[in-house]
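Biologist: Could you walk me through the unusual backbone spots in this one? I'm new to this, so please take it slowly.
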Amino acid sequence: MKTRMILLCYLLALQSCYSPKTDIEKDRHPEIPEFPKFSDPDIYAEKVLDLPVSQSSNCYYRQKGDYLFVYNYPGLDYASNETCRIFIIKNGKPVIFEKWKSRPRINNFAFTDEKGDLYVNNRKYLAPDYTRKKVFPVYNLDRVRDQYDHLLHLGEQEKDSAVLQKIAVEQKQLQERILGRIKEIRYIEDEGDSTVARSLSITASYLCNPGSENPFYIMPHFLEETLDAFEMRDVNYKDSLYGKYRPKMVPVPEQYKFTKTIRKQDTDSTSFEVKDKIVTGNQWFGTGNHFVTAFGYYPVYMYYYDVQSRNKTVKTKEDNTKMVILSIAKASTGKYFLVKNLKEGKFQIYFLKN
């Protein structure tokens, strides 16, 4: 009896949290074409790039004059995919599209400097047309150990003491040689934390002497104490390597950084005005607080827009069961639409000329 009462209460609670499906409506304006087409056939948005939809959250952006820079890195997919990509787009046309394997991983390091040069990962694309580039070295202490991996015995440190000692000595020598060349370190803070850390971050990227003829990267552990094979030491912040080199670190100014979303000042939503909407589908969704779970069906809409383009008003519509416009970036020559194409399983960018 007690079990039945509990089950009944549970079902009643379940029913109270359930959102039923909303009735699907007929298209009120079948004469209006769906984005990227518009009511004027002479006006249409051209597709600029196409990525798997899983990469929509792994892109960083920087809008600069006629250019839109898009840096795509694998994010959580690094275990199976190490491919990084840079798209340099001008007036809706890709000027540069390059991809490479990131080994070792240099996180999300991308920015432009005061001269307009573009730094992405271990590459520097030179302004003003970005068709010339420099690739600079990445120094990684693990490479020293990799040279001796074939001599080591798994789980037998005492047996490997001489090899481990040699590794430590060579790592220390490399560390001293490279750190001695550093005059300035440029870095990007961890996402969501703009404070200056008093400890080394394993997710920050460190670019050394960026304005020089020969910049280079160091991996984060380059600023850790290199210990002998079996040495244990507790080093305070002031005496640590990180503490010593912290005064040489300069964060990338906010206005030069790439960001995960289009900056507010670079967006363009004023020329895209919602005039009407209808329900075109229902999406199953669960949410709630710590005590009550709320779930059910939530309506998905088709939006009808008036769009200002080429000194006229045209119309288009966007069915969110097929396609979602995530953001609109304005450039001097047109607008870039960042789109999640659900029907094709793609993340896409379209360009509409002014």
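Modeller: Let me begin with a term: strands, labelled β here, are DSSP runs of E with at least two residues, and they are numbered from the N terminus. With that in hand, P36 can be placed in the loop between β1 (18-19) and β2 (46-52), and please keep in mind that the model is predicted.

Biologist: OK, and what kind of peptide bond joins F35 and P36?
Modeller: The bond joining F35 and P36 is cis, with an omega of about 20 degrees. In general, most peptide bonds are trans.

Biologist: Where does P128 lie, then?
Modeller: P128 lies in the loop between β9 (123-126) and β10 (132-135), and the peptide bond leading to P128 from A127 is cis, with omega near 10 degrees.

Biologist: Switching to phi now, what value does N209 have?
Modeller: Phi of N209 is near 55 degrees, which is positive even though this residue is not a glycine. Most residues other than glycine have a negative phi.

Biologist: And is N209 buried or exposed?
Modeller: N209 counts as buried because its relative accessible area is 11%, and the cut-off for buried is under 20%. N209 sits in the loop between β13 (205-208) and β14 (216-218).

Biologist: What about R310, what is its phi?
Modeller: R310, also not a glycine, has a positive phi of about 55 degrees, and R310 is found in the loop between β17 (293-309) and β18 (312-319).

Biologist: Why does R310 count as partly exposed?
Modeller: R310 has 35% relative accessibility, so it counts as partly exposed, a class that runs between the 20% and 50% cut-offs.

Definitions and conventions. Residues numbered from 1 in each chain as written. Predicted model: local features only at pLDDT ≥ 70, side-chain atom pairs only at ≥ 80, totals over all residues. Heavy atoms only, no water. Helix = DSSP H or I, 4+ residues; strand = E, 2+ residues; numbered from the N terminus. Buried < 20%, exposed > 50% of the residue type's maximum accessible area, 1.4 Å probe, protein only.
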